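Please examine the sequence and the structure displayed here. The paragraphs that follow lead through it step by step.

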2 protein chains.
Amino acid sequence: MATIRDVAKLAGVSVATVSRVLNQNGYVNEETEKRVRQAIKKLNYKPNEVARTLFKKTSKTIGLIVPDISNPFFPELVRAVEDVMNIYDYTVILCNSDEKNEKEKEYMEVLKQKYVDGIILTTNQLELDEVSEINVPVVVLDRPLNHSFPSVIADNYGGARLATRHLYEIGCRRIAHIQGPSHVVNAVERFNGYRDEMKELGLWDERLVILGNYQLKQAKEAVLQALKEYDIDGIFAGNDAMAVGALKAVQQLGLRVPEDVAIIGYDGIPLTEMTTPELSTISQPIYEMGAIAARILVKKIEGKPLEQIHYVLPVELIERQSTRKGERK
Amino acid sequence: MATIRDVAKLAGVSVATVSRVLNQNGYVNEETEKRVRQAIKKLNYKPNEVARTLFKKTSKTIGLIVPDISNPFFPELVRAVEDVMNIYDYTVILCNSDEKNEKEKEYMEVLKQKYVDGIILTTNQLELDEVSEINVPVVVLDRPLNHSFPSVIADNYGGARLATRHLYEIGCRRIAHIQGPSHVVNAVERFNGYRDEMKELGLWDERLVILGNYQLKQAKEAVLQALKEYDIDGIFAGNDAMAVGALKAVQQLGLRVPEDVAIIGYDGIPLTEMTTPELSTISQPIYEMGAIAARILVKKIEGKPLEQIHYVLPVELIERQSTRKGERK
DNA sequence: ATACTTCATGTAACCGGTTACATGAAATAA
DNA sequence: TTATTTCATGTAACCGGTTACATGAAGTAT
């Protein structure tokens, strides 16, 4: 591997001059520049990013901490972040935290030691004091963490009300909700939206709340149970995976979707188009969330002012077969 | 941020001694070590990885290049790589190539400049000369690239024969194959397996080969077309997404799965359990593939000998409703 | 003619670690 | 008692870039 000193020697100039050519700053004579560029080409010289990082204290690298990339919500988010950061010549270190505080903290530490220029974080866990001692730009994604950091989330509360009202409008009156894990903030907000909408509709009945953990299997079991115990004609699942679980439970009991039980999910992951019947869902602008978070982070890194600190993106009702009006009795 | 010199000063020793304590090499007096550790704690000193990397030429970071993380085959693979590398204290830079030669080359270049210790590559494209000039350990994953690099793949050919024979055994005689894109090596191998098995069964008919591009939508359209033109009673899809496309096409035409047309996919992604009927598939040990690739890479990085260079992992037939024997006429 | 810019380039310190080498004390061997 | 090891620590070069500062030539304003 050629170094800047090799280039300097070959071109008959000092390293400073080579550096000037490389970074296009300072004065360099045209002829000299030509010689330097030739030397660079001849030696196939590529500047060592690590040396540059050490001096400049900026690595053109960011950290992205997600709970679990194999959870189908995250790949698109990660992809968006990578795409945008790539445009700005940043590279992305991917970290899976499994929502574990310990892993998150370890990763934060490692990322800092590697001089990442910023971190995008998807978590509920990190407590204020821990995060605030981080002297690296941070953007919080998908889950509202706390005040001080810029954040990008979707309108969980509003989306939940939308889903609930939709079920009501197609004729459901006994609308159950499969709740996500209570330590996940957005799951709680969705529950709140459901509860408030149900109260407003005069349909609230706490027995219609089914506990889920965002996983298909557990949701399926829970719904099987619930369907036996209570009269239910609509299910609003806290995420799409649980909606599939609900779908399977309903079908297993020989009930029809949406005729007997209508189902709507939440997130809008591609999966919802693959089931039969296709699932209605509240679609979050997943890609856009990732892209915005990335753009905000770049701005913070570059020290530019943010027009806005907290982004709450609108969600959208996607009506598919699992809640089709005409198909309900 | 405290540096090693701050620690040295506080502990009243030289930087060399601090470094010795940090790296547990060389002689250090017990008392001295204690003082140094106290200073480290007091200053909350964390060594600067970048400086270390510059000198040692090893960054404890690897690059992972995949076509597209939002393709549902890859999240699990990526997760496996990250998990294993994490154990060995490596960090993973994720790159999406979209199978584009240009992006791959750019990423390779950037990764090298960042002194990554190794690269895991999922590609068909990179030509021999380009890759061989890379002086970083490389492991090829999922797709056989060429001889010189260690590789981890699953038995595509064998899996395809297995799938085809399975359809035969449950009674299918007009077995179609939805082929993946011809520039993807594993798609070609799956096709070869299908073709050879069909020939051996005396069922080969090239009109039964349907062109797909690994995407659901395109496969659905192609299958709709094919079902109208030819008599087909079984479909072996080159991947699971296309199997879902086939399922939708068959259902749209009012045919039953598996009674009229049996369907089997390939890959074994979680999605196959979410459809109705659930999809039979040839399951690749996705997580294991990623994990093995990561372990091989670590060995190469550490200069240890590999027991084996090319790993071809066995695949497994997962029989679900879409090919259930009893349910076929 | 003198002073001040602008242009062009080089020297060397610096970023924050690691380590080869030097130095010397204490312990052990001959 | 002297020679050799082992233990303990420090000095300074090095990794490969960047840049503050110095130097000097050429151009131009006064």
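The contact between the two protein chains draws 48 residues from chain A and 49 residues from chain B. The model is a predicted one, and in it the area buried between chain A and chain B comes to about 4,100 Å². Carbon and sulfur atoms give 54% of that area.

Polar and charged pairs also take part in this contact. Between chain A and chain B there are 10 salt bridges. One salt bridge joins the side chains of E273(A) and K217(B), with an N to O distance of 3.8 Å. A further count gives 30 residue pairs in polar contact between chain A and chain B, where both residues have pLDDT 80 or more. On the side of chain A that touches chain B, the elements giving two or more residues are α4, α5 (74-87), β2 (91-96), α6 (101-113), α10 (216-229) and α11 (240-252) of chain A. The residues of this side of chain A divide into 20 nonpolar, 12 polar and 16 charged.

The reader may now turn to the DNA, beginning with strand C. DNA strand C is surrounded by 29 residues, of which the closest are R20(A), Y27(A), T32(A), R5(B) and R52(B). Of the strand C atoms within 4 Å of the protein, sugar or phosphate accounts for 60%, and the rest belong to bases. Three side-chain approaches illustrate this surface. A polar side-chain atom of Y27(A) is 2.3 Å from a phosphate oxygen of DNA strand C, and a polar side-chain atom of S19(B) is 2.8 Å from a phosphate oxygen of that strand. For K57(A), a polar side-chain atom lies 2.9 Å from a sugar or linking oxygen of DNA strand C. The elements that supply two or more residues to the surface near DNA strand C are α2 and α4 of chain A, together with α1 (4-11), α2 and α4 of chain B. By class, this surface has 15 nonpolar, nine polar and five charged residues.

K57(A) deserves a second look. The residue is found in the loop between α4 and β1 (61-66) of chain A, and its phi is near 60°, a positive value in a residue other than glycine.

Which residues are the closest to DNA strand D? They are R5(A), R52(A), R20(B), Y27(B) and T32(B), among 29 residues that surround the strand. Here backbone atoms of the protein come into view. A polar backbone atom of I4(A) is 2.6 Å from a phosphate oxygen of DNA strand D, while a polar backbone atom of N29(B) is 2.7 Å from a phosphate oxygen of the strand. A polar backbone atom of N48(A) is 3.3 Å from a sugar or linking oxygen of DNA strand D. Two or more residues of the surface near DNA strand D come from each of α1 (4-11), α2 (15-23) and α4 (49-56) of chain A, and from each of α2 (15-23) and α4 (49-56) of chain B.

A database record covers part of chain A. In an unreviewed entry, UniProt lists residues 2-56 of chain A as "domain: HTH lacI-type". Over residues 2-56, chain A is 71% helix and 0% strand, and the end C-alpha atoms are 21 Å apart.

Two cis peptide bonds complete the account. The bond from T276(A) to P277(A) is cis, with omega near -5°, and P277(A) is found in the loop between β9 (262-267) and β10 (280-283) of chain A. In chain B, the bond from V257(B) to P258(B) is cis, with omega near 5°, and P258(B) lies in the loop between α11 (240-252) and β9 (262-267).

Definitions and conventions:
Residues are numbered from 1 along each chain as its sequence is written. Chains are lettered from A and ligands numbered from 1 in the order in which they are written. This is a predicted model: local features need pLDDT of at least 70, side-chain atom pairs count only at pLDDT 80 or more; totals for chains, interfaces and linings use all residues. Side-chain values use heavy atoms; hydrogens and water are left out. A residue is near a molecule or strand if one of its heavy atoms lies within 4 Å of it. A polar contact is a pair of N or O atoms within 3.5 Å; within protein, one must be able to donate a hydrogen and the other to accept it, and residues adjacent in sequence count only if both atoms are side-chain atoms. Helices (H or I, at least four residues) and strands (E, at least two) are DSSP runs, numbered from the N terminus. UniProt positions are given in the numbering used here, feature names are shortened, and annotations may be inferred rather than shown by experiment. Contact means heavy atoms within 4.5 Å. Buried area is the accessible area (1.4 Å probe) that two parts lose on being put together, summed over both. A salt bridge is a side-chain nitrogen of Lys or Arg within 4 Å of a carboxyl oxygen of Asp or Glu. Ala, Val, Leu, Ile, Met, Phe, Trp, Tyr, Cys and Pro count as nonpolar, Asp, Glu, Lys and Arg as charged, and the others, Gly among them, as polar.
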